[in-house]
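The following exercises concern internal cavities and cysteine pairing. Each task is followed by a solution in steps.

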Amino acid sequence: AQSALDEAIPALEEAKAALNTLKKDDITQLKSYATPSTPVKGMAMCVVVFLSRKNADVSWAAARALMADINFLNKLKDYDLKKLNRDKVGKVLTIIRECDLSVAKLTNVSMAAAGLFKWVQAMTNYYRVFRIVEPKKKEVARQEAYLKKSLKELNKVKMKLKKLDDTLKGLKIKFDKGALEAKTLKEESDRMSRQLEAANRLIA
């Protein structure tokens, strides 16, 4: 499961690398478009969906407001992957499909837009893999918890068996000691019986 999730890591690293090539001036130039092309607007709306709360305004105006934030690029670089969910990713995939977005198309329009779209793609790819891997990770965790519980129970049983074995060993030692004493007493009794019979014969 983890190996599958690791496959999404290179895309995340590539996205961060793409973001690192962008400068504040690139974002300023991008948000200066009054009426951007459909690919640029679509890409920007994808970013809005990921960075905004549920049911927030998803528009070019909202995108420009986000890009005006001095920490805009840092927010993308430090994006909490736990915020990814089916609703956000579903909306983004719809926008990508309707606007027919691709890195190639955006590169022809704006390198900044292409860089931001790489980040968008990395988020969707990560979530796609995450949806497959997460249930497996949960199942592994469940199995590990069950195994841990079973081992704990097994250790309890082993301890009880050890105590029982120790008790049996103790009883065997006592039994062997008692058997030896009984043998010794019998031998002593037999010896005394023989002596008594011999004495009786002498008297008779």
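**Exercise 1.** Determine which element contributes the largest share of the lining of the largest cavity.

*Solution.* The model is a predicted one. A search of the whole structure returns 1 cavity of 30 Å³ or more, and the volume of the largest cavity is about 40 Å³. Its lining consists of Met43, Ala44, Val47, Val48, Ala63, Leu66, Met67, Phe72 and Leu116. Two or more lining residues come from each of helix H4 (38–51) and helix H5 (60–67). The largest share, 4 residues, is that of H4.

**Exercise 2.** Classify the residues that line the largest cavity as nonpolar, polar or charged.

*Solution.* Begin with the residues of the lining, among them Met43, Val47, Phe72 and Leu116. Assigning each residue of the lining to a class gives 9 nonpolar, no polar and no charged.

**Exercise 3.** State how many disulfides the model contains, and explain why the sulfur of Cys99 forms no bond with that of Cys46.

*Solution.* A disulfide requires two cysteine sulfur atoms within 2.5 Å. By this rule, the count is 0 disulfides. Cys46 takes part in no disulfide, and the nearest cysteine sulfur, that of Cys99, lies 7.1 Å away. Considered from Cys99, the closest cysteine sulfur is in Cys46; because the separation is 7.1 Å, the two are too far apart for a bond.

**Exercise 4.** Decide whether Cys46 is buried or exposed.

*Solution.* The cut-off for a buried residue is under 20% relative accessible area. The relative accessibility of Cys46 is 0%, and therefore Cys46 counts as buried.

Note on methods:
Residues numbered from 1 in each chain as written. Predicted model: local features only at pLDDT ≥ 70, side-chain atom pairs only at ≥ 80, totals over all residues. Heavy atoms only, no water. 1 Å grid on protein atoms, 1.4 Å probe; cavity = no way out; pocket = protein on both sides within 12 Å on 5 of 7 lines; lining within 4 Å. Points joined across faces, edges and corners; volume = space filled by probe spheres on them. Nonpolar A, V, L, I, M, F, W, Y, C, P; charged D, E, K, R; others polar. Buried < 20%, exposed > 50% of the residue type's maximum accessible area, 1.4 Å probe, protein only.
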